[in-house]
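Q: Could you take me slowly through one part of this structure, the charged side chains and the ways they are paired or left unpaired, and then set that part in its surroundings? I am in my first year, so please spell out each step.

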Amino acid sequence: MDRTEAKARAQALVSQMTLEEQASQLRYDSPAIPRLGIPAYNWWNEALHGVARAGVATMFPQAIAMAAAFDAPLMEEVGHVTGVEGRAKYNEASSRGDRNIYKGLTFWSPNVNIFRDPRWGRGHETYGEDPELTSRLGVSFIKGLQGDGKYMLGAACAKHFAVHSGPEAVRHSFNAVASKKDMEETYLPAFEACVKEAKVEAVMGAYNRTNGEVCCGSPTLQKILREEWGFEGHFVSDCWAVADFHKNHKVTSRPEESVKLALENGCDVNCGCTYQRILNAVEEGLLDKKYVEQSCVRLFTTRFLLGMFDETEYDGLGRKDVETAEHLALSERAARESLTLLKNDGVLPVALKAGMTIGVVGPNANSRRALMGNYHGTASRYITVLEGIQDAAKEVGADVLYAEGCHLFQPHLEGLSLHAGYEVEELENMFKGDMTPQERNQKLYEMAYAKSMPDGVAEAQSVAACSDVVVMVTGLDETLEGEEGDTGNAYASGDKGDLHLPRSQERLLEELLDCGKPVIVVNMTGSAVDLRLPQEKANAVLQAWYPGPQGGKAVAQVLFGQASPSGKLPVTFYNDVDDLPEFTDYAMAGRTYRYYQGEPLYPFGYGLTYGDCQVTDVRTQVEGEEGVRLWVKMRNDGTETDDVLQVYVKAEDTQWAAPNAILGAFQRVHLAKGEEKEIELVLPQHALTTVDEDGVRQVRGQHFSVYVGFSQPDSRSVALTGKEPVKVAVELA
């Protein structure tokens, strides 16, 4: 069904409603209107990496992990599976009269905000720090989820519009200030691509203000969205964001004024309860009822596009279409593609054989939570890193020893009591008051060290002493980095205060990295953390992200050589937050690989494989508005592997270019041992554009340096990989 037909049907239906009925449909939990045959509908559903919060469904790796795969076709497949399972679950629930939260077809994903600062707790919901990578993956996910049938398979929602990336603790009152250049160059491109290319059906506004205007009631943002980009779908507020207008931002004085500001500026669905005051606002003469009708028509247009009042090609989908073998295989593939090898002195892959002993230590080694990320669904089976290693070892007759080593982020009070002579009640009394979680943990550690109480380190040392190789699994989980208040976050409202791993894990690293045995560090985080010590002392470092329920199996496949790692970093791993501007500073200067002037620990786009892939020749052809066509020859002199070809561009004769070359195109490739291959890809024209201080984007100048290789052209990438991308000059007429 095309939008014109759906809108006409929506207008006809909405015209039969009373104002009260129209207003009721603008709530996220819209009630039924029996006299018009309209069932209740809850607009709130989640599907960040698989259908979430709605029972069993295929769970994929967290978004940041899938971003590390640099694989747009994979993201379209993930989106399609998510749409199929979402439709299947909707069919099963609605047929039984269940129209509650998380049961609908409007999925509030993907998150295409830019992960501009590693302290942001929700960064792992995104596709990383680069606008081009985020755009390509977001567009692909949306296309897969929405489908290309007569009716939409599901409705995607690009969020959070716009300029939103922490701090979480002040998001309800914060004003994000961004220049016109940064808006056009960094914060808006992914949303524009989602609207123009993917035809995303919904956009969600952010909690914060942007340049003084509340994002869920911003005339400036709505003009960009609807007038400049031609967005025709519906707009939804983040949850209780409209109430923030009067409670926290203080741009209005009461709910009725907030209703007016939101509706007059295009916010069609209120996730929250403020729209219960719509009738008050109309009766007071504050709000013209035409805005209520306009939003109602937009919402029913979406429902008609989804076929909610018709028979559709998706009606046969049901429970047996959820978590199928094919879908689980895709999740496993996504996990494998996401694993990012940061260091390898030759210890990997480990030649697993009978009689050898693998030591596995660390708080995330046997953690299911570390597989998940946030906004996750429920898998019917989870394979932790420990279990994946155990399964692989069992097949060849190898032994596995395990020790947790330490708590994820704090010493056990019971341990201090038992081994250091403190009473538990005494300890609990010490930590009453206004002490922050970080201060509390630091005090605990000082006490532990004073009493020489290593909190599990001794057991881990014992395991290491008895092992041929040690796999140490460190990191965080959604309780330490995530959304404000989402899981009782132990740190600063979900944000990180710095890049350090919790002190418990740093202590374990300090002890185990000097154990005299080969040590492989597997780090499970959704963001950059300080891995300087493992980089210095470990034999290998593997960034595993939050790899989904098949993650432990995928990690084992890479450790033991059944698969080559092939992920690339979608974010920069800095050495320290001291290298960065203030968290609240939204200017891009000094941030991300495009503007950072220092030397990172690990650069954006970096990741090793077991292969030895290199570009041997590049030919280019300028094709005007189509951009630049490239023919790239490559060869693999090592083990069979996937790798990610990356193309970076630097405009050489304009002051408005970013200081560093920027990602313009990428493509995942597969190369057998010794294989030579030529591929063709297009560097789009927008990759040649630059943005001035007035936010004007255009092609400026004629001279461009184009770098083609398997990493970016910065000196740190060259030092880590030992290879330089091929540089070619592109001249425009």
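A: What follows begins with one charged residue, moves on to the salt bridges, and ends with the cores and some details of the backbone.

This is a predicted model, and the mean pLDDT of its chain is 94, with 93% of the residues reaching 70 or more. Two stretches call for care: over residues 413-419 the pLDDT is below 50, although this stretch has 20 contacts in the model beyond near neighbours in sequence, and over residues 449-453 the pLDDT is also below 50, with nine such contacts. Where pLDDT is low, the predicted coordinates should not be read in detail.

Let us start with aspartate 130, which is found in the loop between H4 and helix H5, the latter covering residues 131-146. Aspartate 130 is buried and yet has no salt bridge, and the nearest side chain of opposite charge, that of arginine 594, is 4.4 Å away. A salt bridge requires a side-chain nitrogen of Lys or Arg within 4 Å of a carboxyl oxygen of Asp or Glu, so the 4.4 Å between aspartate 130 and arginine 594 does not qualify. The side chain of aspartate 130 does, however, reach the backbone nitrogen of glutamate 132 at 3.0 Å. Leaving aside neighbours within four places in sequence, aspartate 130 is in contact with Ile114, Tyr593, Arg594, Phe604 and Leu663.

Threonine 592 lies in helix H23, which spans residues 592-595. Threonine 592 is buried, with a relative accessible area of 0%, and, not counting residues up to four places away in sequence, it touches Arg116, Glu129, Thr572 and Tyr574.

We can now turn to charges that do pair. Side chains of opposite charge can pair when their charged atoms come close, and the structure holds 49 salt bridges. In one of them, the side chains of aspartate 268 and arginine 226 meet with a distance of 3.3 Å from N to O. Aspartate 268 is in the loop between helix H10 (255-264) and helix H11 (278-283), while arginine 226 is in helix H8 (residues 219-228), so this pair ties together parts that are 42 residues apart in sequence. Aspartate 268 counts as buried at 0% relative accessibility, and arginine 226 is buried as well, with a relative accessible area of 18%.

Another salt bridge is formed by the side chains of glutamate 678 and arginine 619, at 3.6 Å from N to O. This pair links distant parts of the chain, with glutamate 678 in strand S19 (residues 676-683) and arginine 619 in strand S15 (residues 613-622), 59 residues apart. Glutamate 678 is partly exposed, with a relative accessible area of 40%, and arginine 619, at 40% relative accessibility, also counts as partly exposed.

Arginine 629 forms a salt bridge with glutamate 623, and the closest N and O atoms of the pair are 3.0 Å apart. Arginine 629 is partly exposed, with a relative accessible area of 22%, and glutamate 623 counts as partly exposed at 23%. Salt bridges that share partners also join Asp71, Glu77, Arg333, Glu337, Asp642 and Arg668 into one network.

The nonpolar surroundings come next. The largest nonpolar core has 126 residues, and those touching the most other members are Met17, Trp108, Phe161, Val200, Tyr275, Ile278 and Phe300. Helix H4 (residues 72-95) gives the largest share of this core, eight residues. Apart from it lies another core, of 82 residues, which includes Val385, Val471, Ile520 and Tyr546.

Finally, there are some details of the backbone. The peptide bond from serine 109 to proline 110 is cis, with omega near 10 degrees, and proline 110, like aspartate 130, is placed in the loop between H4 and H5. A cis peptide bond also joins phenylalanine 161 and alanine 162, with omega about -5 degrees; alanine 162 is found in the loop between strand S3 (157-161) and strand S4 (175-176). Phenylalanine 70, in the loop between helix H3 (63-68) and H4, has a phi near 50 degrees, a positive value in a residue other than glycine, and counts as buried at 0% relative accessibility. Tryptophan 240 has a positive phi too, near 70 degrees, but is partly exposed, with a relative accessible area of 35%.

Key:
Residues are numbered from 1 along each chain as its sequence is written. This is a predicted model: local features need pLDDT of at least 70, side-chain atom pairs count only at pLDDT 80 or more; totals for chains, interfaces and linings use all residues. Side-chain values use heavy atoms; hydrogens and water are left out. A nonpolar core is a set of buried Ala, Val, Leu, Ile, Met, Phe, Trp, Tyr and Cys residues joined through side-chain atoms within 4.5 Å. Buried means under 20% relative accessible area, exposed over 50%, partly exposed in between (1.4 Å probe, protein chains only). Helices (H or I, at least four residues) and strands (E, at least two) are DSSP runs, numbered from the N terminus. pLDDT is the predictor's confidence in each residue, from 0 to 100. Contact means heavy atoms within 4.5 Å. Lys and Arg count as positive and Asp and Glu as negative; His and the chain ends are not counted. A polar contact is a pair of N or O atoms within 3.5 Å; within protein, one must be able to donate a hydrogen and the other to accept it, and residues adjacent in sequence count only if both atoms are side-chain atoms.
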